[in-house]
Amino acid sequence: MNALPCLSLIVFTPWAGALLLALLPRISGGASRVLALVFSFSTLALALAALGSFDRTAAGFQFVERHAWIASLNVHYHLGLDGMSLLLVLLTGIVAPAGLLGSWRQTRNPRLFGLLFLLLQGSALGVFLALDFFHWFLFWELSLVPAFFLIKLWGGADAARAAVQFILYALAGSAGLLLGFAAIYAATGSLDFEGLARLAAAGTLHAKLAALGGFWPKAVFAGVFLGLAVKVPLFPFHTWLPSAYAEAPTGAAMFFTSILSKMGVYGFLRILWPLFPGPLHAASVPLLWLALGGVVFGAFAAMRQSDLKRMVAYSSVNHVSYCLLALFAVTSASAGSGATRGDFSAALSGALLQMFNHGISAAALFFCVGVLEARSGGRRGLGDFGGVRTSAPVFAGLCGIALFSSLGLPGLNGFVGEFLVFRGVFGLAPWAAAVGCLGLLATAMFLLTFWQRVFHGPRAGAAAGSFADATGGELAVLVPLAALMLLLGILPQILTAFYNPLITTWAGLLPPP
Amino acid sequence: MSLLPWSIYVSFAGALLALAAGRRSAAAARWVALATAATAWGLVLAAACRFTPAAGLQTVADAGWIPLMGIRYHLAADGISLTLLVLTGLAATAGILFSWNLEERAGEFFAFYLTLIGGVYGVFLSADAFLFFVFYEIAIVPKYFLIAIWGSTRREYGAMKLVLYSFAGSALVLAGLLWAYAAGGAHSFAIGDLAAAAAHFTAGEQRGMFALVFLGFAVLAGLFPFHTWAPTGHAAAPTAASMLLAGVVMKLGAYGCLRIALPLFPTGFAFWQPAIGGLAVAGIVYAGFIALVQDDFKFVIGYSSVSHMGFVILGLAAGNVLAAGGAVLQMFSHGVIAGLLFAVAGRMVYDRTHTRRLEDLRLLHLGRLLPFAAVVFVIAGLASMGMPGFSGFPSELTILIGAWRTSRAWAVVAAFGVLVAAAFTVRVITVCFFGSAGEPAPAAGTHPLPPITLAEKTGAALLIGATLLIGLKPGLLLDWILPSLHSPLFTAVLKGGAP
């Protein structure tokens, strides 16, 4: 496997599928759906094949591909895989086919839909695997294009506005990133993440940026920070999210919440933290408050929604913020604060697990909302349903698993990640853990409201008449996802084994207790 | 390398041939024009294959011309001129493909068109400032006729405004050059000799001469606030002329700034540098905002050209090798992208719908009626926004990095300009091609529009291929450009080597 450019294959196979669809203008709708699905499965297949030769004891990058790209600018084609990227590649491999199945029945131009979806999938994989800013930014920006058109062309009534708002927010963030890296390149002559991380660890990067004087070092940090924060999104840069997710067609919403938001979190862990440990430490208290803002505000806002899709969208703000809460708690630790290695490891391990778990659970929830919508002719209000459990028991059970996983019930996957995050944050910044509990409480309230109003009580609303149970196609998505939630709830070490060496290395970099 | 001068001669000969062929039929004139442009481009590409990048100009033709004043017919090329020669050939060939439907006085149209091309090749090859100026004037005159005869909305006004601005600019250039020639006691117009003589000028003289020459050229490059001729002229011009004017002729001005104004007057440059940079970034943002509120499809693109040319001027103003290299790359990139945008707006859309008002286009849902045009415009728009993978990204990134080294404020404002560019591009894409959600879409077939022709598809493929190729392999051009900027002529103005 090492002889093959394994990572390039992972990145470009979906794009090859998109190209194929582009070259077949007369293909029938059904054939284009099948073709897109086959190519979207390639990621999982290739990632599982690569797993065989993945060294679980190594912390560094594996399967590295590095070639000169633009020699005169010192830019390289640089791909590499470590435990964190592997986790996200696997997640993409699972969620992308599920997303395509989630929009299986939409009839408007399925060829173009599949084409854009595969473009988006390939871009996300590129973001998770590229290690040179030039290379990475290409995928980061290109992901916006299919995302924009997926919202704009297949979205709901307010899709045009949502799509424009989404892309303008994202581009504003990108402008910050671009400017930040222009400054870094002007100072160091390098755009390589690994090389820059080494410079940062040695203090050279900090010294070179400090030479800019005045507020400029802070501005460079702020630019990069902003670019990533909009993507996650970190409170208060999240305002584009509810309408973008709610207007997007089901499959796209699944992919956005699972993968696009993780691109941002990944950027925090892969870029911002290694390159700017000092500024992150200095700003950690306000940043912790922002993450808590996402946790608490996201949950309370979700509680106030009467539209199920917007409720799930706000719950994403809440869940993704736990990852950043963990990271900011880690960076807040200073020497002699009494924090232990165990706290660091728990917080970081929790953040990575939470990325994966939220990806699975939120995708399943958006899928369930899509099923409800399909059954009710497009209605998705909290009050539009009632008693679905009695007419569709299997669907209710599977959706319940996703809801309770999202809520953090022990035994399901969501619990493990959130528990580790809180375990770590409690040791590092006890006050933040205390405030964060408010979010847990509100999450439980709105998810239980969802569960009760839609599935329990007398049959009502769109579910008053006949309400068909899950079909074979729906089971094909929900059963594997639910099985994964159960499995990872009981055996989280399946995933943690991939990145334990990475966590050990990270924890070793931290200040002594 | 000796193939290069033939690009000029072939173009001028082709102009005469096209005029003659036009008497028989429009189709004959078209084919002559296409063959001429493709041959000239082929000659440039063949020469490019044999080109070895080096610091300094490599002479390709040299003969005495006016011995009394030491004027020589001296043609030479380096990586910078080669980049722009390749662009000229590409834009010229694509422009003819996008005028394939032209029937009215086709012989004369292509004669003017090829004369313009020949003049442009001449400018990019001149190593003698006087010769440069002669070719520069040859390129200006046909522009007037192309717009005034074959143009659309308010064509007389647009043509007159464009030509008056151009002549005013060249008058300033001429005054500055003659001043330098007379005051320096130089005995030739060779750029190197003039630069050597300029070293003896006082700082005051340098400032004055630089101001005249730079401003004269910068008017043609669309420097804010002397840019207003550009959108008016480009909107009024026929499609092929818009493509060539925005794509190549604006580059003549920027090229003049880089080739003549900067090396001749380094002290003057240092004095005016803050003002130029300030105007450049002001133009980037101002033109972007104007493009955001335009109601005419072609005016949006016209103002976007001004905004993008602001990046070229910013790259020159930054005064370092990296930014200047980015500026040359941006000249190439914008030439291709502006060509593509004007091709869609003028040929694919306007020639079919006969309206350029965004409000009218919104109701047509062109994304469904002309899916090919929609795809091409989305690609061109992405390239124009500076999306990675397309040529605009490496060029704007290198300019930003270089500008950051000189003035961080410029870089910040310019980055904001990138955002404004994204906003107006997204707006025009959605309004023109994807209608509004509220309006019912007309059923397909109610507005039968002629299908996209093979000529248009070929032209679009050429331009898209070029922007993608340079977007993914900017090294192809940067490896020509950067060594040329290490020439001794530039050492006084361009600080810092490549990284």
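Let's start with two helices of chain A in this predicted model: α16(A), residues 341-376, and α19(A), residues 413-428, pack at an angle of about 150 degrees. Angles over 145 degrees count as roughly antiparallel, and therefore that is the label for α16(A) and α19(A). Their axes are 7 Å apart, and α16(A) passes α19(A) in a left-handed crossing. If you want to look at the contact itself, the α16(A) side includes Asp343(A), Phe344(A), Ala346(A), Ala347(A), Gly350(A), Leu353(A), Asn357(A) and Ile360(A). Facing them from α19(A) are residues including Val416(A), Gly417(A), Leu420(A), Val421(A), Gly424(A) and Leu428(A). By class, the residues of this contact divide into eleven nonpolar, ten polar and three charged.

Chain A has another pair to put beside that one. Helix α10(A), residues 216-231, and helix α12(A), residues 250-275, cross at roughly 150 degrees, and their axes come within 7 Å. The same kind of reasoning applies: the cut-off for roughly antiparallel is over 145 degrees, so α10(A) and α12(A) are roughly antiparallel to each other. From α10(A), the contact is made by Val224(A), Phe225(A), Leu228(A) and Lys231(A). From α12(A), the partners are Leu260(A), Met263(A), Gly264(A), Gly267(A), Phe268(A), Ile271(A) and Leu272(A). Here the split is eight nonpolar, two polar and one charged. Why might a list like that step along in threes and fours? An α-helix has 3.6 residues a turn, so residues three or four places apart point the same way.

Now follow the chain out of α10(A). The loop between α10 and α11 (241-247) of chain A holds Pro233(A), and Pro236(A) is placed in that loop too. The backbone is worth a look here. The peptide bond from Val232(A) to Pro233(A) is cis, with omega near -10 degrees. The bond from Phe235(A) to Pro236(A) is also cis, with omega near 0 degrees. For background, most peptide bonds are trans.

Next, helix α7(A), residues 159-188. How far apart are the end C-alpha atoms of α7(A)? At 1.5 Å a residue, its 30 residues should span 44 Å, and the end C-alpha atoms are 42 Å apart, which agrees. Most of α7(A) is covered, with 23 of its 30 residues buried. After the helix comes Gly189(A), whose phi is positive, near 75 degrees.

Helix α7(A) also matters for how the two chains meet. Between them, 28 residues of chain A are in contact with 30 residues of chain B. On the chain A side, the elements that give two or more residues are α5 (133-142), α6 (144-154) and α7. Of these, α7(A) gives the most, with 14 residues. That side of chain A has 23 nonpolar, three polar and two charged residues.

Over in chain B, helix α20(B), residues 475-485, is mostly covered, with eight of its eleven residues buried. The buried ones are Leu477(B), Leu478(B), Trp480(B), Ile481(B), Leu482(B), Pro483(B), Ser484(B) and Leu485(B). What covers them includes β1 (62-70) of chain A, together with α3, α13 and α19 (454-472) of chain B.

Moving to the start of another chain B helix, Gly107(B) lies in α4(B), residues 106-125. Is Gly107(B) buried or exposed? It has 23 C-beta neighbours inside 10 Å, so Gly107(B) counts as buried. Leaving aside neighbours within four places in sequence, Gly107(B) is in contact with Ala18(B), Leu19(B), Ala21(B), Gly22(B), Arg23(B) and Ala29(B). Gly107(B) and Val32(B) are 75 residues apart in sequence and 9.4 Å apart in space, C-alpha to C-alpha.

Finally, two chain B loop residues with backbone angles to check. Most residues other than glycine have a negative phi. Arg105(B), however, has a positive phi near 50 degrees, and it sits in the loop between α3 (79-97) and α4 of chain B. With 15 other C-beta atoms within 10 Å, Arg105(B) is partly exposed. His354(B) is not a glycine either, and its phi is positive at about 55 degrees. His354(B) is found in the loop between α13 (321-353) and α14 (358-364) of chain B, and it counts as exposed, with 9 C-beta neighbours inside 10 Å.

Methods. Residues numbered from 1 in each chain as written. Chains lettered and ligands numbered in written order. Predicted model: local features only at pLDDT ≥ 70, side-chain atom pairs only at ≥ 80, totals over all residues. Helix = DSSP H or I, 4+ residues; strand = E, 2+ residues; numbered from the N terminus. Expected span 1.5 Å × (residues − 1). Buried ≥ 20, exposed ≤ 12 C-beta atoms within 10 Å, placed from the backbone. Contact = placed C-beta atoms within 7 Å. Nonpolar A, V, L, I, M, F, W, Y, C, P; charged D, E, K, R; others polar. Axes fitted to C-alpha atoms, helices over the stretch in contact; angles between N-to-C directions. Parallel < 35°, antiparallel > 145°, perpendicular 65-115°, else oblique. Left-handed = near helix turned anticlockwise from the far one by under 90°.
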